[in-house]
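Me: I would like to learn how to read the packing of helices, the division into domains and the surroundings of a ligand. Could we go through them one at a time?

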Amino acid sequence: MKVILMSMPDVAPLIIHETAIHMPSHGIACVGANIDPQHEVHIVDLIRKRRRVRAYVERLLRKYQPDLVGLSAMAWQYDTCTKIAKVIRRCRPETKIAIGGYHATLMYDEIGSADEGRLFDFMVRGEGEIVCKRLVNALAGEDALDTIPSLSWRNADGQFVHNAWDGPLDLSQPLELPIRDKRRLTWGYHILYSKIELLETSRGCTRGCNFCSMRHMYGRSFRPYPIERVLADLDDIYYTRKCRWAFIVDDNMVLNPKRVMALCDAIIARGYRKLNLVVQADCISMSQNEEMVAKMAQAGFRSVFLGIESASKKNLDAAGKGNIVSASQKAVAMCHKYGIMVIGGLIFGFPDDEEADIIANYQFLKDIDADAAYCQILTPYPKTGMRAELIQQGLVTNKTDYKKYSGLWANVKTRHLSSDQLQYLFWLHRQKVLGFWRPSGRARSQGRGWTAIWIYIMKPLMKRFYARILKRDGWEGRYQRELQRLERMNHFPDLIDL
Ligand code: B12
Ligand code: SF4
């Protein structure tokens, strides 16, 4: 069988310009690697082909003539996913199409009964390594569709049959390392123009944030990979791919500090030189475990995405996070003490938010001296507890257009702000309170080249450019330009009219 797995071209630049970070999709790399070796597998990250998506996909289909194309999509990429499925149907009707990833897992019932559901032959719910491996074997006549857990397939009447889920994947079993070799048809992945690869040390999270999709993906579980397997994966990144930056995609790596310390010890013992690790972490674990943070710094952790979410206790309660305000302050201070850069994640648009809360939130990020901001508007992702609550309170203003569910757009209102006001104030106060990015000493030491370009060339030019626009059009005019830019960002001209 010939298989191509694709991730979508849509981007959501919540930290920096959309061209500054392009990382591969770890999902398709893991799924593809575990398909049996007698089949030919290729993977494609369409973020590297954003200019002429349709032409590129058609070229691939003609060249590789796949029997199966697997598409991976989050909620906000589903619209593009259906368009790409249409391109495949038209160009190569004999190719079977499977959809996997977050949207298919959370919305399989709805997709299966909607018109556009006809575009897909299979849906893979949850983790895809074993399901997709068995699906490909079944298409080759060596397995049976009705026995593959978590697979949705069509019966003789064309109706989807949803095989039951059989629990989260056991990560202690032998699983192939993700694809990073020539089976990957796209390349050029980078974080601020340094080559980057992705690494996974665990899956799942047991915390209860009610805006997060994780519980419905994997159940409330935390499953680590064996440390030897993580090291083999890191060796592949460091020695075989000669890559010095690795982004750890774990849902919440720091949940078990003892294990993190054992992992760091193993990485330190390996003696990788100039290794830079980036990870997402929660504030409680980081603030309570100084020894772990110190070890992380020693092992090469340079940047941490910290889920601060809000400076307001009432908002944190609404998010199911508990009061983590002081934990956030402590976690940032702790990271800084050991030279780790903090990208502070904030969420805006909780039910009681007023303009003053938006200002206070940005001010909080500034006061705790986060090195960069990762700010998004509260998004009612499908099947989350937060979505149910917000709908019940009449606060969701866009329930159906998932294309806008990327964190950049206001799909909710608050009790005090309309959706449009929230969108505007979210943007306005970021400009007013945070202003243009001022790289800290930590950021400068991690990227002397690009921070110098930013400080001495880009920033002065942009400042002058925006000052002129501000003078001519005011804040409102500048905002309208920004909205138009965002609207254009994930608009793929050759996918229209499908
Ligand atoms: C790492 C990560 C990031 C990294 C980026 C990594 C990257 N490659 O670009 C950063 C921090 C930059 C990021 C940004 C964003 N992220 Co993010 N991210 C994650 C995280 C933590 C892990 C994703 C991952 O790689 N997992 C490991 C791989 C192996 O698992 P996987 O992708 O699930 O794939 C498995 C299955 O889904 C399935 N599968 C997947 N695709 C396919 C396809 C086929 C054909 C098959 C058969 C199976 C299959 O099999 C895979 C292997 O088991 C998740 C989850 C979480 N806890 O928050 C969120 C998550 C995916 N992100 C999310 C979102 C919304 C975003 C952003 C839009 C902004 C935001 N709000 O944070 C941006 C968009 C980035 C972009 N592409 O432009 C959401 C998606 C929600 C949804 N319902 O759609 C999640 C679930 C978090 C949440 N809010 O709940 N993210
Ligand atoms: S800590 Fe992160 S992964 Fe865990 S539930 Fe909260 S947002 Fe989701």
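Reply: Let us begin with handedness: a crossing is left-handed if the near helix is turned anticlockwise from the far one by less than a right angle, and right-handed if clockwise. Helices (H or I, at least four residues) and strands (E, at least two) are DSSP runs, numbered from the N terminus. Here, helix 2 passes helix 3 in a right-handed crossing. This is a predicted model, in which local features need pLDDT of at least 70 and side-chain atom pairs count only at pLDDT 80 or more, while totals for chains, interfaces and linings use all residues. Residues are numbered from 1 along each chain as its sequence is written, and chains are lettered from A and ligands numbered from 1 in the order in which they are written.

Me: At what angle do helix 2 and helix 3 pack, and how far apart are their axes?

Reply: Two packed helices are described by the angle between their axes and the distance between the axes. Axes are lines fitted to C-alpha atoms, for helices over the stretch in contact, and angles run from 0 to 180 degrees between N-to-C directions. Helix 2 (residues 53-64) and helix 3 pack at about 40°, with axes 10 Å apart. Angles under 35 degrees count as roughly parallel, over 145 as roughly antiparallel, 65 to 115 as roughly perpendicular and the rest as oblique, and helix 2 and helix 3 are therefore oblique to each other. Two residues are in contact if their C-beta atoms, placed from the backbone, lie within 7 Å; in this pair, R54, V57, E58 and L61 of helix 2 meet I84, V87, I88 and C91 of helix 3.

Me: How do helix 8 and helix 10 pack?

Reply: Helix 8 (residues 257-270) and helix 10 (residues 290-299) have axes 9 Å apart at an angle of about 25°, and they are therefore roughly parallel to each other. The crossing of helix 8 past helix 10 is left-handed. From helix 8, P257, V260, M261, C264, I267 and I268 touch E291, M292, K295, M296, Q298 and A299 of helix 10. As to classes, Ala, Val, Leu, Ile, Met, Phe, Trp, Tyr, Cys and Pro count as nonpolar, Asp, Glu, Lys and Arg as charged, and the others, Gly among them, as polar. The contact of helix 8 with helix 10 thus divides into 9 nonpolar, 1 polar and 2 charged residues.

Me: Which domains does the protein chain have?

Reply: Domain bounds come from an automatic or database domain assignment, which for this chain gives domain 1 (2-170) and domain 2 (190-446). Their C-alpha centres lie 27 Å apart, and the contact takes 19 residues from domain 1 and 31 residues from domain 2. On the side of domain 1 that touches domain 2, helix 4 gives the most, with 4 residues.

Me: Where does ligand 1 lie with respect to the domains, and why?

Reply: A residue is near a molecule if its C-beta atom, placed from the backbone, lies within 6 Å of it. Domain 1 and domain 2 both give residues to the shell around ligand 1, so ligand 1 lies between them. The shell has 42 residues, of which G27, G70, S72, G100 and G128 are the closest, and helix 1 gives the most, with 5 residues.

Me: Which residues are around ligand 2?

Reply: Ligand 2 is surrounded by C205, R207, C209, C212, M214, D251, N252, D282 and G307. By class, this shell has 4 nonpolar, 2 polar and 3 charged residues.
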